[in-house]
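Please work through the exercises below with the sequence and the structure open beside you. Each exercise sets a task and is followed by a solution in steps.

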Amino acid sequence: MSEPRTIIEKIWDEHVVRREPGEPDLLYIDLHLVHEVTSPQAFESLRMTGRRVRRPDLTLATVDHNVPTTDRSIPNPDPLSAQQIETMRANCKEFEVPLWDIFDIRQGIVHIISPERGLTQPGMTIVCGDSHTSTHGAFGALAFGIGTSEVEHVLATQTLPQGRPRTMAVEVIGTLQTGVTAKDVVLAVIRTIGVDGGIGHVIEYRGDVIRSLSMEGRMTVCNMTIEGGARAGLVAPDETTFAYLKGREFAPAGEDWERAVERWKALVTDEGARFHRTVTLRGEEIEPHVTWGTTPAQSVGVTAVVPKPEEAPTASARETAQRSLKYMDLKAGTRIQDIRIDRVFLGSCTNGRIEDLRAASKIVQGKRVAAGVKAMVVPGSGLVKQQAEAEGLDAIFREAGFEWREPGCSMCLGMNPDILLPGERCASTSNRNFEGRQGAGGRTHLVSPEMAAAAAIAGHFVDVRKL
Amino acid sequence: MKKVSQVAGKAIPLNRADVDTDQIIPKQFLKRIERSGFGEFAFFDWKKDPSFVTNDPRHAGAPILLAQQNFGCGSSREHAVWAIEDMGVAAIIAPSFGDIFRTNCSKVGLVTVQLPQQDVDFLMSRSEELPDAPIVVDVAKQTVTVPGTGWERRFEVDPFVKHRLLNGLDDIGLTLQHVDAIAAFEAKRDPLKPTTEGAFKETAKFG
């Protein structure tokens with residue numbers, strides 16, 4: 001009888017091409033997702049070294065980070081963005097990599113388009129030159145972000161040398177209150193472990209709360225794993241996973257489906273398997289969360305006040321908190337619900353899926369965005385947009401005063417014209433509240449889609465549980 | 001990758017925790033398709049403050065960057081590493097690093113040294129007080145020393161990263177020596193795993 005293993009170790013071991021003492025394992029990569037921002041230098045280096053893409057058939061490219069979210073029939077006004085997108089096209093053509101380009105209905109944020117077509121499947125290794133690649137872990141895949149040198153490595157060899165990670169179990173037990181979402185769960189997790197708590201680890205999310213989440217919710221949780229310092233986080237596949245995948249374009253069909261499901265069912269952590277670290281949260285204790293600072297761990301429940309820096313546990317945390325408050329122009333002791341906002345951003349690889357738009361639309365239906373607030377919805381993909389329009393969600397948002405945009409990363413990182421002006425305060429469903437992330441001098445509060453929608457209507461944060 | 005065995009010189013004491021890669025190189029500079037020339041944009045927003053440490057002429061040209069915990073967290077953008085490298089920095093010393101950032105450093109030959117908090121704090125205050133006093137990072141010996149003081153600390157480095165740093169080895173070239181093992185692995189891969197061939201198929205256009 002072999003040693004009990006975690007799901008993380010099982011997926012890892014199955015992908016080891018070569019193992020030698022004193023060297024990192026050489027891991028095979030099942031799927032490499034590519035986008036326009038972190039790939040040009042990798043392709044250029046392939047050209048310079050005369051190397052080819054080893055497996056274009058395990059590679060998929062799209063453009064998402066800097067595409068405009070306005071009318072695409074108008075030429076891109078930013079010559080540098082246009083050049084980067086054009087470079088992606090030329091590289092895909094030269095290296096025979098499939099590309100879902102801006103006029104393709106399947107285009108969208110790289111971490112949304114692969115799952116929604118059924119390309120992300122349990123037990124796979126998935127990489128992309130983007131730290132939110134952890135999203136795909138929701139399907140029980142080992143998925144992590146890489147830099148451009150590693151992008152080149154995977155293009156050339158379909159493998160990556162990787163040191164074996166430590167493992168962490170994050171258990172969320174019990175049940176969630178109504179109005180508390182996957183976003184609040186992951187913000188609570190990051191607040192608990194800290195922005196560096198997951199360094200060197202891969203996380204398995206476990207417990208009844210995680211099991212009860214939809215695939216969209218699990219993607220939201222896994223997506224923000226990197227904000228807690230861990231490169232990858234995953235959820236073991238179960239009936240929810242199989243039901244989501246069945247019938248999707250790239251999922252196995254017919255007899256293959258049954259055989260695939262049998263294999264996927266083995267992807268669970270064995271009884272008695274040991275994690276290097278275990279963290280447990282109680283679902284009942286999680287409130288809707290709002291970040292107040294400039295790291296994703298600086299959050300509190302919506303009924304709380306902005307904390308006092310002097311109450312932070314370490315000297316360095318106190319200093320960081322002081323800097324954050326200054327940047328955010330907030331005073332300790334201010335009630336979260338008294339913080340007024342100027343902008344609302346609904347979208348991103350964290351919360352730009354159909355379920356997120358449905359949840360937010362229920363809150364804005366029949367209401368108006370508060371005077372002085374500018375709100376926008378950026379669907380995560382062309383297919384999310386199409387589905388939302390078929391359900392009439394675009395009309396609900398438009399009638400409430402939201403702008404309804406074309407798909408892309410948009411104001412999550414503000415590489416395109418969708419940015420905050422200096423001093424503007426935004427309720428955002430994205431993943432990073434770093435200084436200047438959404439525009440130099442902009443102030444970001446991370447929240448769930450429901451909380452963002454409610455803030456758009458009220459003009460300040462409100463407790464969605466009371467609506 | 002270039003060879004690195006030792007980095008010696010003064011340091012830039014960047015005394016902040018959780019410095020994310022958005023601060024190191026803001027998004028507007030990620031549109032460039034080149035790999036060089038990012039140094040002038042490093043810490044672009046922070047540098048607007050005249051008192052920011054990289055503006056201090058006493059630390060100009062330093063080959064060592066001192067930082068606090070979780071340095072390089074956030075986005076996977078390797079542009080952050082290229083920017084720091086382009087500033088003339090060859091080694092970073094901190095209590096901890098973001099995982100992806102640290103890996104990216106190892107790919108381009110930027111040395112990352114993890115030392116306990118009190119040791120980083122010591123080097124940080126020394127560099128603030130005596131900006132010209134050199135620090136020596138020795139990759140082969142795995143030590144950080146402050147010449148003339150007897151202060152020496154050993155650091156851990158992944159043996160494979162050390163081997164590549166000391167010999168300036170190209171990671172991809174090393175992996176391609178095992179192309180037979182890769183092919184053998186591919187031959188026995190689960191055929192149920194998806195491919196992206198179907199992604200070439202045209203679908204309805206929109207927009």
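Contact means that heavy atoms lie within 4.5 Å. The model used in these exercises is a predicted one.

**Exercise 1. Describe the interface between chain A and chain B, beginning with the residues that take part in the contact.**

Step 1. Counting the residues on either side, one finds that the contact takes 95 residues from chain A and 67 residues from chain B.

Step 2. Turning to area, about 6,500 Å² is buried between chain A and chain B, and carbon and sulfur atoms give 57% of this area.

Step 3. Now look for charged pairs: the count between chain A and chain B is eight salt bridges. One example is Arg437(A) with Asp22(B), whose side chains meet in a salt bridge at 2.9 Å, N to O.

Step 4. For polar contacts, the rule finds 35 residue pairs across the interface of chain A and chain B, with both residues at pLDDT 80 or more. Helix α5 of chain A, residues 148-157, supplies seven residues, which is the largest share of the side of chain A that touches chain B. Sorted by class, that side of chain A has 34 nonpolar, 33 polar and 28 charged residues.

**Exercise 2. Follow the side chain of Thr196(B): which backbone oxygen of chain A does it reach at 2.8 Å?**

Step 1. Find the residue in the chain: Thr196(B) lies in the segment after α7 (179-187) of chain B.

Step 2. Decide how covered it is. A residue is buried if its relative accessible area is under 20%, and Thr196(B), with a relative accessible area of 1%, is therefore buried.

Step 3. Examine the polar atoms: the side chain of Thr196(B) reaches the backbone oxygen of Thr59(A) at 2.8 Å, and a polar atom of the same side chain lies 3.2 Å from the backbone oxygen of Pro56(A).

Step 4. Complete the surroundings. Leaving aside neighbours within four places in sequence, Thr196(B) is in contact with residues including Leu31(A), Asp57(A), Leu60(A), Leu119(A) and Phe250(A).

**Exercise 3. Compare the salt bridges within the chains, and ask of Lys466(A) and Asp463(A) whether each is buried or exposed.**

Step 1. Begin with the total, which by this rule comes to 52 salt bridges over all chains.

Step 2. The side chains of Lys466(A) and Asp463(A) meet in a salt bridge at 3.9 Å, N to O. Lys466(A) counts as exposed because its relative accessibility is 67%, whereas Asp463(A), at 3% relative accessibility, counts as buried.

Step 3. In another pair, Glu23(A) forms a salt bridge with Arg18(A), with the closest N and O atoms 2.9 Å apart. Glu23(A) has 30% relative accessibility and so counts as partly exposed.

Step 4. In chain B, Lys2(B) forms a salt bridge with Glu85(B), the closest N and O atoms being 3.2 Å apart. Lys2(B) lies in the segment before β1 (6-9) of chain B, and Glu85(B) lies in helix α2 (residues 79-86) of that chain, so the pair ties together parts that are 83 residues apart in sequence. Lys2(B) is partly exposed, as its relative accessible area is 44%.

Step 5. Salt bridges may also share partners, and in this way Arg5(A), Asp13(A), Arg19(A), Asp25(A) and Arg164(A) are joined into one network.

**Exercise 4. Trace two sheets of chain A: what is the order of the strands in each open sheet of five strands?**

Step 1. One open sheet has the order β5-β4-β3-β6-β7 in chain A, with parallel pairing. Its edge strands, each of which pairs on one side only, are β5 (99-100) and β7 (142-145).

Step 2. Within this sheet, strand β4 (residues 59-62) and β5(A) pair in the parallel sense over two bridges, and Leu99(A) in β5(A) is the bridge partner of Ala61(A).

Step 3. Another open sheet of five strands in chain A has the order β17-β16-β15-β18-β19, again with parallel pairing. Here the edge strands are β17 (403-404) and β19 (443-446), and each pairs on one side only.

Step 4. Strand β15 (residues 343-346) and strand β18 (residues 425-428) of chain A pair in the parallel sense over three bridges, and Arg343(A) stands opposite Cys426(A) in β18(A).

Technical notes. Residues numbered from 1 in each chain as written. Chains lettered and ligands numbered in written order. Predicted model: local features only at pLDDT ≥ 70, side-chain atom pairs only at ≥ 80, totals over all residues. Heavy atoms only, no water. Pairing = 2+ DSSP bridges. Helix = DSSP H or I, 4+ residues; strand = E, 2+ residues; numbered from the N terminus. Buried area = accessible area lost by both parts, 1.4 Å probe. Salt bridge = Lys/Arg side-chain N within 4 Å of Asp/Glu carboxyl O. Polar contact = N/O pair within 3.5 Å; in protein donor to acceptor, adjacent residues only side chain to side chain. Nonpolar A, V, L, I, M, F, W, Y, C, P; charged D, E, K, R; others polar. Buried < 20%, exposed > 50% of the residue type's maximum accessible area, 1.4 Å probe, protein only.
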